[in-house]
Structures are given as structure tokens and as C-alpha cells.
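Trainee: I have a model open and would like to go through it with you. Where should we start?

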Amino acid sequence: MHPDAGYADGLFTIQLYSMGVFWNEGIFLGLMLRFHTSMTDEDLVKMNGYMDSELMYSYDGRYWMHTTRQPIVEKPVSPEYGFNQMVFLHMMTSQDASEMILVAAASRTPHLQAADYLKVKERLGGKLGRFNFYSIRKDGFCGLECCGLDGKVITKSFELQDDDLTVNVAASTGLVRMAILDHQGKPYEGFSYAESLMGNCDGTAVTPAWQNHKLAELKGRRIRFGFELNSAILYSIRGTFRPFIVRPEISLSNPRQIALAPDPDPASTNHPF
């Protein structure tokens with residue numbers, strides 16, 4: 001990671017300090033420490049400023065991407081702990097696996113030279129820092145939210161391999177309905193929005209259900225997940241399914257290959273999906 005134009009704002013600049021890296025179910029999460037300092041300070045080693053933390057992510061642990069470029073938590077007001085430095089050090093899964101717990105070193109003093117640091121320490125009666133603990137629901141760093149009525153989410157095609165599907169959704173004050181669709185976006189019989197039993201659920205592992213049919217009936221089929229959200233947030237979908245590939249490459253070892261396998265006729269009655 002390198003600072004770029006997105007880290008400059010007027011007379012202030014952001015330098016990247018360090019980053020803790022954590023593995024979380026197939027993705028790397030990073031807690032990037034950022035040092036905000038004056039762009040006009042001519043000292044070679046800049047010491048005066050404040051620090052916060054930004055959430056990063058990576059699929060391979062080598063190439064990293066930004067999320068919002070905003071601090072993980074909102075900056076407290078002065079002179080609360082964390083006003084001048086909120087350095088996130090660690091994250092872990094809660095005992096019941098429903099939340100992520102984040103630990104931050106929260107300081108009331110800025111990042112200073114040693115002599116100035118001692119002055120602030122005396123002014124604040126020695127009470128400079130503490131550990132702050134924060135919790136966020138599992139997969140809760142981002143979600144698809146409908147702030148009113150008639151929000152709709154439809155995924156790409158998957159091949160359903162098992163019926164262990166769960167959904168992380170918050171709809172305690174709203175409504176969520178789920179449908180299982182074919183590749184053309186039409187509900188499979190018995191799996192329409194109207195037959196969904198999810199309602200005003202709220203949980204990190206909600207098992208979707210329908211009135212008279214079980215998800216196991218669609219194992220091995222080509223499906224798409226559809227959601228209707230009314231004042232609800234969809235965070236994640238979990239289960240044993242994989243992307244459905246209609247025209248797989250003949251060989252993945254030949255980068256010059258342009259020929260594809262024959263395209264099956266989706267209208268044919270012999271189509272396996």
C-alpha cells in the first residue's frame with residue numbers, strides 16, 4: 001500500500017503508519033493505522049498530528065484495497081479517550097460467532113515529540129489512554145440496505161450443492177422475503193417471494209423457509225437468489241453453492257485459447273439444469 005491523492009486534504013496529509021492483518025473466513029482484513037499531519041511542516045520526520053484506523057481488505061494477503069477511506073469509528077469529541085489517537089490493534093470473533101470484537105488503543109494526547117508529550121500528560125493528570133472495545137455483527141462491515149419499500153436484490157447464477165443455506169439479514173423493523181429463481185429470473189414452483197416465511201427476522205444465520213417446499217428439492221439445479229427488502233439490510237448469504245458456468249473453457253492451462261465448449265441450449269428439455 002502507498003499513500004495516494006485520496007490521502008491529501010488541503011493543508012493536511014495522511015501517512016500510512018502500519019497495519020495489522022487478520023484472516024477472516026477466506027478474506028484478509030487489515031487495520032491500517034493512518035497518521036494525519038501538516039503538509040506545510042518542513043521537518044523531515046513529522047511528529048505532530050493524530051492517528052486513526054481504516055479498514056482494508058485483500059483476497060490474497062498481498063494486494064490490498066480500500067473500503068470507505070473513513071475511520072472505522074467516528075472520532076470522539078475532545079477530551080474523550082480516542083479524540084487524538086484511535087489505533088485499532090486487533091479483531092476477533094465473539095464466543096457465539098455472531099459478532100466481531102475490535103480492540104483499539106484510545107489516547108487523549110496527540111502524536112507528539114517527547115517534551116510536548118510530557119506537558120500534555122501533566123495537563124491531563126496522567127490519564128492519557130485506555131483500551132476501547134467495539135463490536136459489530138458478523139459480516140457487518142458492509143450491507144445492502146433498503147431505506148424504504150420495494151428494495152430488490154437478485155444475484156448471478158449459482159449451482160446449489162447442498163441445502164445448508166443461511167442469510168445474514170436485519171429486518172426486525174421491516175420485512176424481507178426471499179425467492180429462488182431460475183436463470184431467467186422466474187421463481188421455481190413453491191419458492192416465490194409470496195411463499196417466503198422469512199418476514200421480520202433479524203440474525204446472522206437465518207435459515208430461509210417456504211410454505212410447502214424444502215430447499216433440498218433444488219440441489220444440483222441452476223439457481224439465482226432473489227430478495228425483496230422493506231426497511232431491511234442484507235449482509236451476506238452463506239451455503240454450499242458455486243458459480244454456475246454455462247460455457248467452461250476447454251483448458252485453463254492455455255492462455256491463448258479462445259475456443260469455448262459448446263453452449264447448451266437453455267430452452268432444451270434435456271438441459272440438466
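Mentor: Start with Phe 227. This is a predicted model, and in it Phe 227 is buried, with a relative accessible area of 0%.

Trainee: Which strand holds Phe 227?

Mentor: Buried here means under 20% relative accessible area. Phe 227, at 0%, falls under that cut-off. The strand that holds Phe 227 is E15.

Trainee: How many of the nine residues of E15 are buried?

Mentor: E15 spans residues 222-230. The strand is largely enclosed by the rest of the structure, because most of its residues fall in the buried class. The number buried is eight of the nine.

Trainee: Which strand joins E15 through seven bridges?

Mentor: Several strands pair with E15. E10 (residues 151-154) joins E15 by four bridges, antiparallel, with Gly 151 opposite Leu 229. E11 pairs with E15 over two bridges, also antiparallel, and Phe 158 stands opposite Ile 223. The antiparallel partner with seven bridges is E13.

Trainee: In E15, which residue is the bridge partner of Ala 179?

Mentor: Look at the pairing of E13 with E15, which run antiparallel. E13 covers residues 175-181. The bridge partner of Ala 179 in E15 is Gly 226.

Trainee: What separates the C-alpha atoms of Phe 227 and Ile 180?

Mentor: Along the chain, the two are 47 residues apart. Both are among the members of the largest nonpolar core that touch the most other members. Their C-alpha atoms are separated by 8.9 Å.

Trainee: Which strand gives the largest share of that core?

Mentor: The largest nonpolar core has 25 residues. Among those touching the most other members are Val 176, Met 178, Met 198, Phe 225 and Leu 229. E11, E12, E13, E15 and E16 each supply at least two residues of this core. The largest share, four residues, comes from E15.

Trainee: Is helix H1 largely enclosed or largely in the open?

Mentor: H1 runs over residues 114-123. One of its 10 residues is buried, so the helix lies largely in the open. After H1 comes Gly 125, with a positive phi near 65°. For H1, then, the word is open.

Trainee: Now the pocket. Which strand gives the most residues to the lining of the largest pocket?

Mentor: The largest pocket holds about 1100 Å³ of space. Its lining has 35 residues, and the closest to the centre are Asp 139, Phe 141, Cys 142, Tyr 235 and Ser 236. Strands supplying at least two lining residues each include E3, E4, E5 and E8. The strand that gives the most, with five residues, is E16.

Trainee: How many of the lining residues are nonpolar?

Mentor: Take the other classes before the nonpolar one. Four lining residues are charged, and 10 are polar. The nonpolar ones number 21.

Trainee: Cys 142 is one of those closest to the pocket centre. How many disulfides does the structure hold?

Mentor: Cys 142 is exposed, at 56% relative accessible area. Cys 147 is exposed too, at 70%. The sulfur of Cys 147 is 6.7 Å from the closest cysteine sulfur, in Cys 146, and a disulfide needs the pair within 2.5 Å, so that distance is too far for a bond. The number of disulfides is zero.

Trainee: Which residue in the hairpin of E6 and E7 takes a positive phi?

Mentor: E6 (residues 85-93) and E7 (residues 99-107) run antiparallel, joined by eight bridges. His 90 stands opposite Val 103 in E7. Five residues lie between the strands. The one with a positive phi, near 65°, is Ala 97.

Trainee: Which residue in the loop between E15 and E16 has a positive phi?

Mentor: Most residues other than glycine have a negative phi. Arg 69, in strand E5, has a positive phi of about 65° and is partly exposed at 28%. The loop residue is also partly exposed, at 34% relative accessibility. With phi near 50°, the residue in that loop is Ser 231.

Trainee: Which peptide bond is cis, with omega near 0°?

Mentor: Most peptide bonds are trans. Look in the loop between E5 and E6, where Pro 79 lies. The cis bond runs from Ser 78 to Pro 79.

Methods. Residues are numbered from 1 along each chain as its sequence is written. This is a predicted model: local features need pLDDT of at least 70, side-chain atom pairs count only at pLDDT 80 or more; totals for chains, interfaces and linings use all residues. Side-chain values use heavy atoms; hydrogens and water are left out. Two strands pair if DSSP finds at least two bridges between them. On a 1 Å grid over the protein atoms alone, a cavity is a set of points where a 1.4 Å probe fits but cannot get out, and a pocket is an open set with protein on both sides within 12 Å along at least five of seven lines; lining residues have an atom within 4 Å of a point. Grid points are joined across faces, edges and corners, and a volume is the space filled by probe spheres set on the points. Ala, Val, Leu, Ile, Met, Phe, Trp, Tyr, Cys and Pro count as nonpolar, Asp, Glu, Lys and Arg as charged, and the others, Gly among them, as polar. Buried means under 20% relative accessible area, exposed over 50%, partly exposed in between (1.4 Å probe, protein chains only). A nonpolar core is a set of buried Ala, Val, Leu, Ile, Met, Phe, Trp, Tyr and Cys residues joined through side-chain atoms within 4.5 Å.
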